[in-house]
Amino acid sequence: MSRARLPQRRTLLLGLAVVGLAPLAGCMTKPLRPVNADGTYCHRVGKSYRPKLTCTPAAVPTDAVEAEAKRFDADPASLTVYVLRRSWGDASVVVPVTVDGAGSAATIPDSLVRLRLKPGVHRLAAQWDGQSTDIAVEGRAGDLRVVRLVGSGWAWGTSFSWEAVQAGEVKSRAQASKLVADLDLRR
């Protein structure tokens with residue numbers, strides 16, 4: 001084979017590889033399921049004819065509110081806290097998160113909650129199966145905080161823990177999660 005034909009063959013093979021793999025680029029994250037007719041949202045585990053669904057007990061925010069929340073802009077008048085629940089081995093249970101023992105938002109796997117709070121120190125608590133875990137979040141007006149509710153569900157039990165993270169570290173995970181609550185607790 002002549003040397004002149006070798007670069008042409010490489011170019012052809014490279015072109016075929018790019019064309020063949022380009023459609024797979026959009027398959028990196030699975031698309032979010034549509035919201036149910038009653039406004040609730042369900043996370044699906046399994047692809048069988050009997051999948052396990054974990055659904056929010058209340059309607060989720062609108063698509064417009066979700067798009068605005070996922071810009072991760074801090075509110076200059078409040079402490080903005082995002083609760084992200086997205087981990088590989090998460091338990092398929094609804095876990096309510098309370099703020100200072102009052103305002104509550106139900107989280108499900110692959111979900112996101114936005115909280116707008118008065119500046120200061122706040123205690124976030126998650127409860128499941130008679131157990132609980134909490135984290136203190138502190139900030140001033142205009143601050144943005146992100147905490148992860150990390151769950152694991154195994155045959156021997158379910159557990160959850162909190163982890164404070166930087167918004168940039170989890171932004172792509174948050175974009176692939178469903179906003180299930182948007183609470184303004186500044187009163």
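**Two sheets and the contacts around them**

Y82 is buried in this predicted model, with a relative accessible area of 0%, well inside the 20% under which a residue counts as buried. The ring of Y82 forms a tilted aromatic pair with F72, the centres lying 4.4 Å apart and the planes at 40 degrees. This pair links distant parts of the chain, since F72 belongs to the loop between α2 (63-69) and β3 whereas Y82 lies in strand β3, ten residues apart. F72 is likewise buried, at a relative accessible area of 9%.

From Y82 one can move outward into the sheet that holds β3. Y82 stands opposite V146 in β9, and strand β3 (residues 79-85) is joined to strand β9 (residues 144-154) by five bridges, the two strands running parallel. They belong to an open sheet of five strands with mixed pairing, in the order β10-β9-β3-β6-β11. Its edge strands, β10 (157-165) and β11 (178-185), each pair on one side only, and the twist from one strand to the next averages 15 degrees. Across β3, β6 (111-117), β9 and β10 lies helix α3 (residues 167-175), which runs at about 55 degrees to β9.

The second sheet is also open, with four strands in the order β5-β4-β7-β8 and antiparallel pairing. Because β5 (104-107) and β8 (131-139) each have a single partner strand, one side of each is left without a neighbour in the sheet. Neighbouring strands here are turned by 20 degrees against each other on average, direction ignored. Strand β4 (residues 95-99) is joined to β5 by four bridges, running antiparallel, and within this pairing T98 has S104 in β5 as its bridge partner.

Strand β5 also contains T107, which counts as buried at 1% relative accessibility. A polar atom of the T107 side chain lies 2.7 Å from the backbone oxygen of V95. Leaving aside residues up to four places away in sequence, T107 touches R85, V93, V94, V95, V97, V113, L149 and V180.

Returning to the aromatic residues, a search of the whole structure finds two aromatic pairs. Besides F72 and Y82, there are W128 and F160, whose ring centres are 5.0 Å apart with planes at 70 degrees, so the pair is edge-to-face. W128 sits in strand β7 (residues 120-128) and F160 in strand β10, 32 residues apart, so that this pair, too, links distant parts of the chain. W128 is buried, with a relative accessible area of 7%, and F160 counts as buried at 7% relative accessibility. Elsewhere, the charged end of K178 sits over the ring of Y41, 5.6 Å from its centre.

How values were computed. Residues numbered from 1 in each chain as written. Predicted model: local features only at pLDDT ≥ 70, side-chain atom pairs only at ≥ 80, totals over all residues. Heavy atoms only, no water. Pairing = 2+ DSSP bridges. Axes fitted to C-alpha atoms, helices over the stretch in contact; angles between N-to-C directions. Contact = heavy atoms within 4.5 Å. Buried < 20%, exposed > 50% of the residue type's maximum accessible area, 1.4 Å probe, protein only. Polar contact = N/O pair within 3.5 Å; in protein donor to acceptor, adjacent residues only side chain to side chain. Phe/Tyr/Trp six-rings, centres within 6.5 Å; stacked < 30°, edge-to-face > 60°. Lys NZ or Arg CZ within 6 Å of the ring centre and 35° of its normal.
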